[in-house]
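User: I would like to go through the labels attached to this model and check each one against its criterion. Please give the value, the cut-off and the conclusion.

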Amino acid sequence: MVQIAFDNSYVRLPAQLYSRLAPTPVTDPSLITLNHSLANRLGLDAKAFETPEGIAILAGNAVPSGADPLAQTYGGHQFGNWSGRLGDGRAILLGEVVTPDGARFDIQLKGSGPTPYSRNGDGRAWLGPVLREYLVSEAMHALGVPTTRALAAVSTGERVQREEGYPGAVLTRVASSHIRVGTFQYMAATEDAEGLAALVEHTLARHYPDRQGPLGLLNGVIERQAALIAKWMGLGFVHGVMNTDNMTISGETIDYGPCAFIDTYQPMAVYSSIDHAERYAFARQPDVAMWNLAQLATSLLPMINDQKAAQAALDRFPGLFQSAWTDVFRCKIGLQTAQDGDVALIHDLLTKMAEGQADFTNTFRALGTQTARDQFLDPASFDAWQAIWAARLEAEGATLEDRIDDLRQANPAVIPRTHRIEQAIHAAVADDFAPFNRLLTALLSPYMLPHEQADLAKPPAEDEIVPRTFCGT
Ligand code: AMP
Ligand code: MG
């Protein structure tokens, strides 16, 4: 029997923050994959989810006892323009569970049918985006990046009409909450002071129990987002759709629509087919985060009541980000101490990587070995950098060899490359899940890639390059 000890706190918030409704059943659900380790983390019986009763829950065909399903209301700026009310148009929160160690998690179905916020959408997801989110979110977790997670993927036995008809699927997403910058924007836009205060209180208790008041909340989010974006930058991760409704208050990465990991390093890399103005280019992500946090500050201003204090909080972001970024990249080049000139040294490498069309992941992974220079069009340009780097290491009493293990811990061998994800999706649409499972297995231990899987670390061949990604709704 499936037993989930729900403890639902979001439904105690003011009613304008959600709409209660159940998922819409599907014709013929079948389990694609279940995340046993996450189920265990949540204190759930993984095996029970593999029974017909469990699969029915994961497909939205049965509502488990104790669930109080709802779609959340939120607003947001999309590509810099205020969109007004958005909300969960294809997702339903079943409820929250609290783990034995006291952590609270949302369990949400994504692709579970229309809601009052679906606008013109069908409330469904097709297999492609579901598998992409499963792979990338679990890879991010394995890479040590705060993120929403994937508990399960099921196919629905129904077709979803996009440019073509595709197999439908439902993802079970787990997050410490789904509260977004856009949730606060929505409450502020309704000018409901009591509702905003209740949301602040709920969010503080849930994510920042050591902080007080709206300014404490703002400072907390600023710190977590600075740390988060620095981690993205250290992995060559391009989120692709950093709208304010896609930025969490918890500091977890959310919404794996058009995201991509950079292959050949290019600071202004953009993959999303709809990001015409390149607003969400790789190198712009810290500035965009700052812009989004300014929207959060604006939403909280009626409660903070002190524009100077809010501005002072925001002004901390660039310094916090720069310091987190420097820590991330110091670690990536094996430094254990901080010295003047480190930032210049790191930028120098990145500049040479861009000029030399070096693969982002493989260059860092190869540091300290003979093959690093082979990543560059002009290997001699790397040799020059390496000499300075070696001298810098010597200044802290180390050689390249001394730091080889650290370098391997700091730089993954395998990340979810877009062409590999696309190949896995392509096969899955033809009912072959072997490439998906193989890729997933490799991504779960990104710092040690067995020989048999070395192909997964390779950049795409000319004819494998996927130049554009899609939101895939
Ligand atoms: P996203 O860009 O994926 O964050 O989505 C932006 C908004 O569009 C959110 O309110 C989503 O719930 C909604 N949305 C996206 N896809 C669909 C869909 N297939 N059906 C209904 N709503 C959708
Ligand atoms: Mg979204």
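The exchange below takes up the metal site, the ligand shell, the salt bridges and a few single residues.

User: What kind of model is this?

Analyst: The model is predicted.

User: What makes N246 and D255 ligands of the magnesium ion?

Analyst: The magnesium ion (ligand 2) has N246 (OD1) and D255 (OD) at 2.2 Å. A donor must be an N, O or S atom within 2.8 Å of this metal, and water is not among the atoms, so the site may look incomplete. At 2.2 Å, N246 and D255 therefore count as coordinating residues.

User: Why is N246 called buried?

Analyst: N246 has a relative accessible area of 8%. Buried means under 20%, so N246 is in that class. The other coordinating residue, D255, has 14% and is therefore buried as well.

User: Which residues are the closest to ligand 1, and how many surround it?

Analyst: There are 18 residues around ligand 1, and the closest are G87, G89, R90, G123 and D255. To be included, a residue needs a heavy atom within 4 Å of the ligand. By class, the shell consists of 2 nonpolar, 8 polar and 8 charged residues.

User: What makes the approach of G87 to ligand 1 a polar contact?

Analyst: A backbone N or O atom of G87 is 2.6 Å from an oxygen atom of ligand 1. The criterion is a pair of N or O atoms within 3.5 Å, so the G87 pair qualifies. D255 has a polar side-chain atom 2.7 Å from an oxygen atom of ligand 1. For D122, an N or O atom of the side chain is 3.2 Å from a nitrogen atom of the ligand. Of the 490 Å² of accessible area that ligand 1 has on its own, the protein covers 88%.

User: How do you know that E133 and K110 form a salt bridge?

Analyst: The N to O distance between the side chains of E133 and K110 is 2.7 Å. A salt bridge requires a side-chain nitrogen of Lys or Arg within 4 Å of a carboxyl oxygen of Asp or Glu, so this pair meets the criterion. E133 belongs to helix α3 (residues 127–142) and K110 to strand β7 (residues 104–110), so the bridge ties together parts that are 23 residues apart in sequence. With a relative accessibility of 3%, E133 is buried, and K110, at 11%, is buried too.

User: Why does the pair K352 and D348 count as a salt bridge?

Analyst: The closest N and O atoms of K352 and D348 are 3.7 Å apart. The cut-off is 4 Å, so the pair is accepted. Both residues lie in helix α9 (residues 342–355), 4 residues apart, about one turn of the helix.

User: Are K352 and D348 called buried or partly exposed?

Analyst: K352 has 18% relative accessibility and therefore counts as buried. D348 has 27% and is partly exposed. The boundary between the two labels is 20%.

User: What is the distance in the bridge between R403 and E396, and why are both residues called buried?

Analyst: The closest N and O atoms of R403 and E396 are 2.4 Å apart. R403 has a relative accessible area of 7% and E396 has 16%. Buried means under 20%, so the label applies to R403 and to E396.

User: How many salt bridges does the structure hold, and which residues form a network?

Analyst: There are 24 salt bridges. D7, E96, R104, D106 and R206 are linked in a network of such bridges.

User: What makes R173 a polar-contact partner of E133?

Analyst: The side chains of R173 and E133 are joined by a polar contact of 3.5 Å, and the criterion is within 3.5 Å. R173 also makes a side-chain contact of 3.2 Å with H178. R173 lies in strand β10 (residues 165–175) and is buried, with a relative accessible area of 4%.

User: Why is N437 called partly exposed?

Analyst: N437 has a relative accessible area of 34%. Partly exposed covers the range between 20% and 50%, so N437 falls in it. N437 is located in helix α14 (residues 434–443). Its C-alpha atom is 9.7 Å from that of I32, although the two residues are 405 apart in sequence.

Conventions
Residues are numbered from 1 along each chain as its sequence is written. Chains are lettered from A and ligands numbered from 1 in the order in which they are written. This is a predicted model: local features need pLDDT of at least 70, side-chain atom pairs count only at pLDDT 80 or more; totals for chains, interfaces and linings use all residues. Side-chain values use heavy atoms; hydrogens and water are left out. Donors are N, O and S atoms within 2.8 Å of the metal (3.2 Å for Na, K and Ca); water is not among the atoms, so sites may look incomplete. Buried means under 20% relative accessible area, exposed over 50%, partly exposed in between (1.4 Å probe, protein chains only). A polar contact is a pair of N or O atoms within 3.5 Å; within protein, one must be able to donate a hydrogen and the other to accept it, and residues adjacent in sequence count only if both atoms are side-chain atoms. Accessible areas come from the Shrake-Rupley method with a 1.4 Å probe; for residues, only the protein chains shown count as cover. Ala, Val, Leu, Ile, Met, Phe, Trp, Tyr, Cys and Pro count as nonpolar, Asp, Glu, Lys and Arg as charged, and the others, Gly among them, as polar. Helices (H or I, at least four residues) and strands (E, at least two) are DSSP runs, numbered from the N terminus.
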